[in-house]
Amino acid sequence: GCTGLYNINIPHNIIHIGDYAFSGCSNMTYLESIPENVTYIGSHAFDGCDFQEPVEMRSTVPPTVGNTPFPAGTTLIVPRGCKEVYETTNGYEPYTIVEWEAEIGKNFEHQGIYYTVSDDVSTVSMTGSSTEWEFGNTITIQDTITYMGQSFAVTAIGEHAFSQLYGVDYVIMESETPPILEGSYEIQGMTLIVPENCTQNYVESEDGSWGDFRRIMEIGRAHV
């Protein structure tokens with residue numbers, strides 16, 4: 001194993017983690033998550049690792065696992081409503097299964113975008129984006145997202161949320177009601193695309209920052 005590996009972020013497009021993939025990485029203390037696309041985790045894949053925190057299992061369908069893929073005593077955090085299906089799936093018996101719970105201020109990544117849970121625990125603020133996610137020239141900001149079995153309304157966009165969106169020219173907003181936009185100089189070169197008949201909603205929004213986009217167009221009239 002690689003003793004120089006301390007943590008790992010498995011890419012979202014990985015579907016198979018092989019037998020003994022990280023076995024013997026004795027200094028690896030943190031594994032953020034097993035992405036939802038992973039369908040198989042091999043025997044002893046993380047044997048010898050020393051996880052100090054629980055591991056998130058992003059999929060609502062438990063990946064098939066080989067023999068003891070995680071170290072003894074590992075706690076797995078699973079999507080809400082999925083505790084029983086994990087506990088009754090072969091190979092998960094040695095591990096403590098806990099359902100994910102939203103907490104005020106908790107940060108998470110969903111489809112390459114970072115969010116922070118707001119005070120009411122039912123809404124989130126977009127705070128940034130992953131440099132490892134390929135957005136192309138267009139990013140879509142959903143009006144609601146579902147993460148680990150819980151739905152959230154996206155009601156705010158942080159000041160530097162667009163700072164890592166290199167090469168993105170178009171921002172598509174799904175919500176007819178503009179989220180709070182805390183202002184960001186990065187948006188000045190971008191085109192904002194909003195739902196049909198919603199241009200005024202954004203232009204006349206209370207915070208006023210939506211007008212800082214280079215231009216605003218409506219879905220159906222924009223060519224990206």
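**Exercise 1. An open sheet**

In what order do the 4 strands of the open sheet stand, and is the pairing parallel or antiparallel?

*Solution.* A word before we start: the model you are looking at is predicted.

Step 1. Trace the sheet from one side to the other, and you meet the strands in the order β4-β6-β8-β9. The pairing is parallel.

Step 2. Now look at the edges. β4 (33-34) and β9 (96-99) each have a single partner strand, so one side of each is left without a neighbour in the sheet.

Step 3. Then check a pairing inside the sheet. Strand β6 (residues 55-57) is joined to strand β8 (residues 75-78) by 2 bridges in the parallel sense. For a residue to click on, take V55, whose bridge partner in β8 is L76.

**Exercise 2. Strands around β12 and β15**

Work out which strands pair with β12 and with β15, and in which sense.

*Solution.* A reminder helps here: strands of a sheet pair through backbone hydrogen bonds, either parallel or antiparallel.

Step 1. Begin with β11 (residues 113-117), which runs antiparallel to β12 and is joined to it by 5 bridges. V117 has V124 of β12 as its bridge partner. The hairpin of these two strands has 5 residues between them, and V121 takes a positive phi near 60 degrees there.

Step 2. Move on to β15. Its pairing with β12 is parallel and counts 4 bridges. Here S125 stands opposite A156 of β15.

Step 3. Finish with β14, which is joined to β15 by 4 bridges and runs antiparallel to β15. T146 finds its bridge partner, S151, in β15. This hairpin has 2 residues between the strands, and in the hairpin M148 takes a positive phi near 50 degrees.

Step 4. Ask how well these strands are covered. In β12 (residues 123-129), 6 of the 7 residues are buried, so the strand is mostly covered. β14 has two faces: I145 and Y147 make up the covered one, while T144 and T146 make up the uncovered one.

**Exercise 3. Rings around F108**

Decide how the ring of F108 is placed against those of Y147 and F152: stacked or tilted?

*Solution.*

Step 1. Set the scene: the whole structure holds 14 aromatic pairs.

Step 2. Take Y147 as the partner. The ring centres of F108 and Y147 lie 4.1 Å apart and the planes meet at 15 degrees, so this pair is stacked. The cut-off for stacked is under 30 degrees.

Step 3. Place that pair along the chain. F108 belongs to strand β10 (residues 107-110) and Y147 to strand β14 (residues 144-147), so the pair links parts that are 39 residues apart.

Step 4. Check the burial of both residues. F108 has a relative accessible area of 4% and Y147 has one of 3%. Buried means under 20%, so both residues qualify.

Step 5. Turn to F152. The centres of the F108 and F152 rings are 5.7 Å apart and the planes are at 35 degrees, so this pair is tilted. It also links distant parts of the chain, with F108 in β10 and F152 in β15 (residues 150-157), 44 residues apart. F152 is buried, and F108 is too.

Step 6. Look elsewhere for another group of rings. Ring pairs join F22, F46, F51, F70 and Y95 into a cluster.

**Exercise 4. Two pockets**

Describe the largest pocket and the second largest pocket by volume, central residues and lining.

*Solution.*

Step 1. The largest pocket holds about 510 Å³ of space. Its lining has 24 residues, and the closest to the centre are H12, E36, R58, E109 and Q111. β10 and β14 are the elements that give two or more residues to this lining.

Step 2. Sort that lining by class, and you get 7 nonpolar, 12 polar and 5 charged residues.

Step 3. The second largest pocket has a volume of about 210 Å³. It is lined by 14 residues, with Y30, E32, E53, P54 and E56 the closest to its centre. The elements giving two or more residues here are β3 (30-31) and β10, and the largest share, 3 residues, comes from β10.

Step 4. Sort this lining too: 7 residues are nonpolar, 1 is polar and 6 are charged.

Conventions:
Residues are numbered from 1 along each chain as its sequence is written. This is a predicted model: local features need pLDDT of at least 70, side-chain atom pairs count only at pLDDT 80 or more; totals for chains, interfaces and linings use all residues. Side-chain values use heavy atoms; hydrogens and water are left out. Rings of Phe, Tyr and Trp (its six-membered ring) pair if their centres lie within 6.5 Å; planes under 30 degrees apart count as stacked, over 60 as edge-to-face and the rest as tilted. Buried means under 20% relative accessible area, exposed over 50%, partly exposed in between (1.4 Å probe, protein chains only). Two strands pair if DSSP finds at least two bridges between them. On a 1 Å grid over the protein atoms alone, a cavity is a set of points where a 1.4 Å probe fits but cannot get out, and a pocket is an open set with protein on both sides within 12 Å along at least five of seven lines; lining residues have an atom within 4 Å of a point. Grid points are joined across faces, edges and corners, and a volume is the space filled by probe spheres set on the points. Ala, Val, Leu, Ile, Met, Phe, Trp, Tyr, Cys and Pro count as nonpolar, Asp, Glu, Lys and Arg as charged, and the others, Gly among them, as polar.
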